[in-house]
Amino acid sequence: MVSVTRAVFGDLPLGAGTVEKFQLQSDQLRVDIISWGCTITALEVKDRQGRASDLVLGFAELEGYLQKQPYFGAVVGRVANRIAKGTFTLDGKEYQLAINNGPNSLHGGVRGFDKVLWTPQVLSNGVEFSRVSPDGEEGYPGELKAWVTYTLDGGELVINYRAQASQTTPVNLTNHSYFNLAGQGSPNIYDHEVTIEADAFLPVDETLIPTGEVAPVQGTAFDLRKAVELGKHLQEFHMNGFDHNFCLKGSKEKRLCARVHHAGSGRVLEVYTTQPGVQFYTGNFLDGTLKGKSGAVYPKHSGFCLETQNWPDAVNQPHFPPVLLKPGEEYDHTTWFKFSVA
């Protein structure tokens, strides 16, 4: 059984609308999602002792999400991740997007899908959010209708993304939750054991754009096919952290893409997806300046993201999986976050 309750979370400034919070609860999970950016604001899971902790970084109040902050819990789009120099060419026409991350465009631009109010509809086991992204929004061509659905099934949070376009446009939607399986507010994720089911990854340039090479993980720091303890691994390879796309097997079927185990609590997160990639990000840019829930501060490496996605800059790299959505087609991807105790 899943219960869904609905409440007011806060009011946007200047009468721009009311943000609602939807609480989804099963016997194993409790998830709070708000209509601003389809943002997951809390996710409570029990440890092996039966003690529940909130595992996602974020804020208790709406004001926290309206300030400059690193996409905590939000759905990002129209195109997640980076587009080189914020430009691409479609049918001979060049499009220029906002440059908001070094020389590149990141996560849909200045006012992406994370910074808008979505229209909610309550379901028996979850909530569906929808919005229409107008033609030309953030520089993207064509009107895009988008639906993001969150449902609970026991210990599993399921996120489905659908979209339809009035003209050809790149589309790449993901959720940008930052997890800490020890509980949000814990100082780091070094004691997390990480496995990523990928034989290849995308090396990046100094601005974090893929070079175009699809590199085997074999014999590199990116070989996470067997579990590694994150802190030791980063030390061993003298790494600042991960912020890389891992290339998954290229089918549209549901498959395991990553597993994270926290021995201290016994919590396990398994991520399954239909997407061709996952960005593994270890919170390298967190710096402890944001005040989170329950007085938490979020220093570097205090949370990790597993952003299931198409590959970054795919619109400019023809040998990457196709990222263009054409009129009459439907974009339809699903990601499963499965929580358990080991």
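The lining of the second largest cavity in this predicted model is a mix by class, with 5 nonpolar, 4 polar and 2 charged residues. If you want to find the spot on screen, the residues that line this second largest cavity are Asn81, Arg82, Leu202, Val204, Leu208, Pro210, Asp243, His244, Asn245, Gln279 and Pro312. Strand β21, residues 243-247, gives the most to that lining, with 3 residues. The space inside the second largest cavity comes to about 50 Å³.

How many cavities of 30 Å³ or more does the count come to? The count is 3. The largest cavity holds about 50 Å³ of space. Its lining divides into 9 nonpolar residues, 1 polar and 2 charged. Among the residues that line the largest cavity are Val79, Ala80, Ile83, Trp311, Val315 and Val323. Arg82 and Pro312 are also part of the lining of the largest cavity, and Arg82 and Pro312 turn up in the lining of the second largest cavity too.

Now let's step over to alanine 198. Alanine 198 sits in the loop between β17 (192-196) and β18 (200-201). Is this loop residue buried or exposed? Alanine 198 has 0% relative accessibility, so it counts as buried. Leaving out residues up to four places away in sequence, alanine 198 touches Val217, Arg225, Phe246, Cys247 and Leu248. Phe246 and Cys247 fall within the span of β21, residues 243-247. Valine 278 is 80 residues from alanine 198 in sequence, and the C-alpha to C-alpha separation in space is 9.2 Å.

Valine 278 leads us on to strand β24, residues 277-281. Strand β24 pairs with β25 in the antiparallel sense over 5 bridges. For one matched pair to look at, take tyrosine 281, whose bridge partner in β25 is cysteine 305. Strand β25 (residues 305-309) is mostly covered, with 5 of its 5 residues buried. Which way do the residues of β25 point? Cys305, Glu307 and Gln309 point one way, Leu306 and Thr308 point the other way, and all are buried.

Next comes an open sheet of 9 strands. Its order is β11-β12-β13-β14-β27-β23-β22-β17-β20, and the pairing is antiparallel. Strands β11 (119-123) and β20 (228-229) stand at the edges with a single partner strand each, so one side of each has no neighbour in the sheet. At the β11 end, 5 bridges join β11 to β12 (residues 126-133), and the two run antiparallel. Leucine 123 stands opposite glycine 126 in β12. The strand just before alanine 198, β17, belongs to this sheet as well.

Toward the start of the chain, have a look at glutamine 28. Glutamine 28 is in the loop between β2 (18-25) and β3 (29-34). Its relative accessibility is 42%, so glutamine 28 counts as partly exposed. Apart from neighbours within four places in sequence, glutamine 28 is in contact with Glu44, Val45, Gly154, Gly155 and Phe339. Leucine 62 is 34 residues away from glutamine 28 in sequence, and 26 Å away in space from C-alpha to C-alpha.

The strands around glutamine 28 are worth tracing too. β2 and β3 form a hairpin with 3 residues between them, and they pair in the antiparallel sense over 5 bridges. Within that pairing, glutamine 25 stands opposite arginine 30 in β3. Arginine 30 also stands opposite glutamate 44 in β4. β3 and β4 (residues 39-46) run antiparallel and are joined by 6 bridges. The hairpin of β3 and β4 has 4 residues between the strands, and there glycine 37 takes a positive phi near 70°. As for cover, 5 of the 6 residues of β3 are buried.

Finally, zoom out to the protein chain as a whole. The protein chain has 2 helices and 27 strands. Of its 342 residues, 59% count as buried. Among contacts with a separation of 6 or more, 65% come from residues 24 or more positions apart. The C-alpha atoms fill a box of roughly 60 × 50 × 40 Å along the principal axes. A compact globule of 342 residues would have a radius of gyration near 20 Å, so the 19 Å of the protein chain agrees with that.

How values were computed: Residues are numbered from 1 along each chain as its sequence is written. This is a predicted model: local features need pLDDT of at least 70, side-chain atom pairs count only at pLDDT 80 or more; totals for chains, interfaces and linings use all residues. Side-chain values use heavy atoms; hydrogens and water are left out. Buried means under 20% relative accessible area, exposed over 50%, partly exposed in between (1.4 Å probe, protein chains only). Contact means heavy atoms within 4.5 Å. On a 1 Å grid over the protein atoms alone, a cavity is a set of points where a 1.4 Å probe fits but cannot get out, and a pocket is an open set with protein on both sides within 12 Å along at least five of seven lines; lining residues have an atom within 4 Å of a point. Grid points are joined across faces, edges and corners, and a volume is the space filled by probe spheres set on the points. Ala, Val, Leu, Ile, Met, Phe, Trp, Tyr, Cys and Pro count as nonpolar, Asp, Glu, Lys and Arg as charged, and the others, Gly among them, as polar. Two strands pair if DSSP finds at least two bridges between them. The radius of gyration is taken over C-alpha atoms; the globule rule is 2.2 Å times the number of residues to the power 0.38.
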